[in-house]
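The following paragraphs lead the reader through a structure, from its overall makeup to a pair of its helices. Please keep the sequence and the model in view while reading.

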Amino acid sequence: MTSAQICILIAIVAYLLVVVGIGVVFAKKSNTVDDFYLGGRKLGPLVTAMSAEASDMSSWLLMGLPGLAYISGVADAAWTAIGLAAGTYVNWLIVAKRIRRYTKVAGDSTTLPEFFSKRYRDQKNILNCIAALVIIIFFVPYTASGFAACGKLFSSLFGMNYMSAMLMSAVVIVVYTALGGFLAASTSDFIQSIIMTIALVIILGFGIHTAGGFDAVMENAKGLSGYLSFTQTHSAGAAKPYGVLNMFSMLAWGLGYFGMPHILLRFMAIEDEKKLTLSRRVASIWVVISLMAAVFIGIVGNAMSANQSIETFKDTSTSETIIVRIADLISQHGILAALVAGVILAGILAATMSTADSQLLAASSSVSKNIMKDFLKLNFTEKQGMIAARVTVVVISVVAVLIARDENSSVFNIVSFAWAGFGAAFGPLVLLALFWRRSNQYGAFAGMIVGGVMVFVWKYLVRPLGGLWDIYELLPAFVAACAAIVVVSLLTAAPSKEITDEFDKVKAMGA
């Protein structure tokens, strides 16, 4: 191992020790199951904002999005980023306060599935169980994508065996999440968002300098057909049309925010809802800047390949390691530079871990709380509940590790499918549960099932037909789920007075 690699390893190990230490500290503060899963609703505004966005901007921010921009140019990556930025802002603006209030009023719900059942007075907890199954189905592969990203990082950087590298990363994530629960995950996510920001700034500055300056970067991009166009995409050396349907397809990424359990949990957990305004501003500004930087890193990376500073990537699976390659180049400029490179690579780990820990908690709560306790009516003592929660985190991680065995899988593709699943199964239901008085449990059943199933149907049966059908599965599935909730709710009995009175009470609390 070279001196540069040793310095990088030191920086990464230091970072990993910090997050494990956070888990140990907060293990003493997570005394109940509700503390483990929602932190006792004690989050401050900055931790709420940055942990929400760090848990959202997973490894694809520093790997998937730059890799996509590198290969195909601005169109796909930029329209996706615009949709995500808009979705982030609207979610904070209209959902955050309402769901914080409603989950408190509706039986002090601590998980999204539990809220659905209590909102609609589903005494049998069937809604709870279905929602929990949806979380498991889509979060386990989502978590696996994070483990895979960590494996790719260490494998490409140190020449380690991919499986060994992936397992090592998974163990660290599991340890601090299982120990400290929600507070540990949220606090570490806050720290990780800072590291991610530092990584983006350093990579951009060094990348532009190495590519020959900003003008050289832009000249290279202009020389690639359709590369900088919002209405064309670059493929196999030529420009291909990028129509309005494609634009709406990528903008649809923004719809996913309304159904993301790990983000909605941050809204539910803030200590003072009045501080959500500050959280919204901080989160929105950080997201816009981070997304712009990630897309531009892909453009800069292409210019670096053109002047042979780094190798040329041929597909998204390999182009997703572009930041790793740039960091490796930085490390060759001395010990201090190698330590800086270590911080950058810790940023990739941060992006990955900040999402994986939140996903593990959401999936774990679905099994131990929503299915085992609420649906199956298994009686746990507080101590047994904590044990069940932590064991579930470990078991789900093992399944995710098995899924992540394929090192050639694309982080971006895995994340996009899971994102569509949550956006379609939960997004319409969250919005209508919060804002439509007439919605009922039958509409909620229909919306979740139709949205989740449509994602699979469109992805594997309709989209392969190509042409007009080749649009991101989230958009048609979201529309279908909305229609299902509205139609079924109107065709079945109106909600009880108890339910509508509760809705009116929350509404009267203000916007």
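The protein chain holds 21 helices and 2 strands. The model shown is a predicted one. Of the 511 residues in the protein chain, 60% are buried. The surface that the protein chain exposes comes to about 18,600 Å², and carbon and sulfur atoms supply 68% of that area. Among contacts in the protein chain with a separation of 6 or more, 83% are accounted for by residues 24 or more positions apart.

Helix α18, which spans residues 427-435, illustrates burial at the level of one element. Buried residues make up 8 of its 9 positions, so α18 is largely enclosed by the rest of the structure. These buried residues are Gly-427, Pro-428, Leu-429, Val-430, Leu-431, Leu-432, Ala-433 and Leu-434.

Attention may now turn to helix α19 (residues 441-462) and helix α20 (residues 474-491), whose axes come within 8 Å and cross at roughly 155°. Angles over 145 degrees count as roughly antiparallel, and α19 and α20 are therefore roughly antiparallel to each other. Their crossing is right-handed.

On the side of α19, the contact is made by Tyr-442, Gly-443, Ala-446, Gly-447, Val-450, Gly-451, Met-454, Val-455 and Trp-458. On the side of α20, Pro-476, Ala-477, Ala-480, Ala-481, Ala-484, Ile-485, Val-488 and Ser-489 take part. What is the character of the residues in this contact of α19 with α20? They divide into 13 nonpolar and 4 polar residues, with no charged ones. The spacing of the contact residues can be read against a general rule. An α-helix has 3.6 residues a turn, so residues three or four places apart point the same way.

Conventions: Residues are numbered from 1 along each chain as its sequence is written. This is a predicted model: local features need pLDDT of at least 70, side-chain atom pairs count only at pLDDT 80 or more; totals for chains, interfaces and linings use all residues. Side-chain values use heavy atoms; hydrogens and water are left out. Helices (H or I, at least four residues) and strands (E, at least two) are DSSP runs, numbered from the N terminus. Buried means under 20% relative accessible area, exposed over 50%, partly exposed in between (1.4 Å probe, protein chains only). Contact means heavy atoms within 4.5 Å. Accessible areas come from the Shrake-Rupley method with a 1.4 Å probe; for residues, only the protein chains shown count as cover. Axes are lines fitted to C-alpha atoms, for helices over the stretch in contact, and angles run from 0 to 180 degrees between N-to-C directions. Angles under 35 degrees count as roughly parallel, over 145 as roughly antiparallel, 65 to 115 as roughly perpendicular and the rest as oblique. A crossing is left-handed if the near helix is turned anticlockwise from the far one by less than a right angle, and right-handed if clockwise. Ala, Val, Leu, Ile, Met, Phe, Trp, Tyr, Cys and Pro count as nonpolar, Asp, Glu, Lys and Arg as charged, and the others, Gly among them, as polar.
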